[in-house]
Amino acid sequence: MFKLFKTILKAGEPTVKYPFKPLEVCPGFRGKPKYDPTQCIACAACTSVCPANALTMETDIASGERRWQLFLGRCIFCGRCEEVCPTRAIALSEEFEMAVTQKADLYVTATFALQACRVCHQPFIAKKSVEYAMALLAHSGLDDGAVEALRPQFETCPDCKRHQNLHSNRNLRLRHTPGRETQ
């Protein structure tokens, strides 16, 4: 019997004191995603790569808003959203305790205003995305005048750009070949 107690004392504590003491997690632990809506540009890159469909984005044209949503109940903590986010708005933390009393507490949402097209006035992209593109151009070395000259391109929807290109003669290059007549 004395030998058993001696072995137990040598072995030390077999368990941790959790939940009374914080549990140490190893570096690189993938826990609850932390989302910073001030950094997000609503590009939807994270929603397209999420294998569990925990991230969704809905666009409401009538109200001119885009709604981003994370449902922690579906998240598998794979880290794909963190990898593809261009602004680092979402990152996996070391937090793993996510017990809640109501299902609604598992949802993280953010709402973004949409930019209206300069031509058709239909909302089509998040305003923060346009401002992010302008900031990237300015950071690349373009002067402020050149950046502002490009703003109309970013504030025009793809359908209107396509329509303008089809009806613009400056985008057509017709070559006349001598000796070859068209009928």
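A salt bridge is taken here as a side-chain nitrogen of Lys or Arg lying within 4 Å of a carboxyl oxygen of Asp or Glu. By that criterion Arg67 and Glu58 form a salt bridge, because their closest N and O atoms are 3.5 Å apart. The model is a predicted one, and nine salt bridges are found in it. Both partners of the Arg67 pair are partly exposed, Arg67 at 35% relative accessibility and Glu58 at 45%.

A second salt bridge brings together the side chains of Lys34 and Glu95, with 2.9 Å from N to O. Lys34 belongs to strand β1, which covers residues 33–35, while Glu95 sits in the loop between β4 (90–92) and β5 (107–116), so this contact ties together parts of the chain that are 61 residues apart in sequence. Lys34 has a relative accessible area of 41% and is therefore partly exposed, and Glu95, at 30% relative accessibility, also counts as partly exposed.

Another salt bridge, between Glu155 and Arg118, has its closest N and O atoms 2.7 Å apart. This pair links distant parts of the chain, since Glu155 is found in the loop between α5 (144–154) and α6 (158–167), whereas Arg118 is found in the loop between β5 and β6 (123–126), 37 residues apart. The two partners differ in their exposure: Glu155 is buried, with a relative accessible area of 9%, but Arg118 is partly exposed at 43% relative accessibility. The pair also belongs to a wider arrangement, in which salt bridges that share partners join Arg118, Glu131, Glu148, Arg151 and Glu155 into one network.

From charged side chains we turn to aromatic ones, of which the structure holds three pairs. One of them is formed by Phe29 and Phe96, whose ring centres are 6.2 Å apart and whose planes stand at 80°, so that the pair is edge-to-face; the cut-off behind this label is an angle over 60 degrees between the planes. Phe29 lies in the loop between α1 and β1, and Phe96 in the loop between β4 and β5, so the two rings tie together parts that are 67 residues apart in sequence. The loop between β4 and β5 thus holds Phe96 and also Glu95, the partner of Lys34. Phe29, at 29% relative accessibility, counts as partly exposed, and Phe96, at 30%, counts as partly exposed as well.

The pair made by Phe71 and Tyr107 has another geometry, for these rings are stacked, with 4.5 Å from centre to centre and 20° between the planes. Phe71 is in strand β3 (residues 65–71) and Tyr107 is in strand β5, so this contact ties together parts that are 36 residues apart in sequence. Here the partners fall into separate classes of exposure, Phe71 being buried with a relative accessible area of 14% and Tyr107 being partly exposed at 34%.

At the start of the chain, finally, the surface has a nonpolar character, where Met1, Leu4, Phe5 and Ile8 make a nonpolar surface patch of about 470 Å². Met1 is placed in the segment before α1, the helix that covers residues 2–11, and, at 72% relative accessibility, Met1 counts as exposed.

Notes:
Residues numbered from 1 in each chain as written. Predicted model: local features only at pLDDT ≥ 70, side-chain atom pairs only at ≥ 80, totals over all residues. Heavy atoms only, no water. Helix = DSSP H or I, 4+ residues; strand = E, 2+ residues; numbered from the N terminus. Buried < 20%, exposed > 50% of the residue type's maximum accessible area, 1.4 Å probe, protein only. Patch = residues over 30% accessible without salt bridge, like charges linked within 9 Å, V, L, I, M, F, W, Y side chains within 5 Å. Areas by Shrake-Rupley, 256 points an atom, 1.4 Å probe, with all protein chains shown as cover. Phe/Tyr/Trp six-rings, centres within 6.5 Å; stacked < 30°, edge-to-face > 60°.
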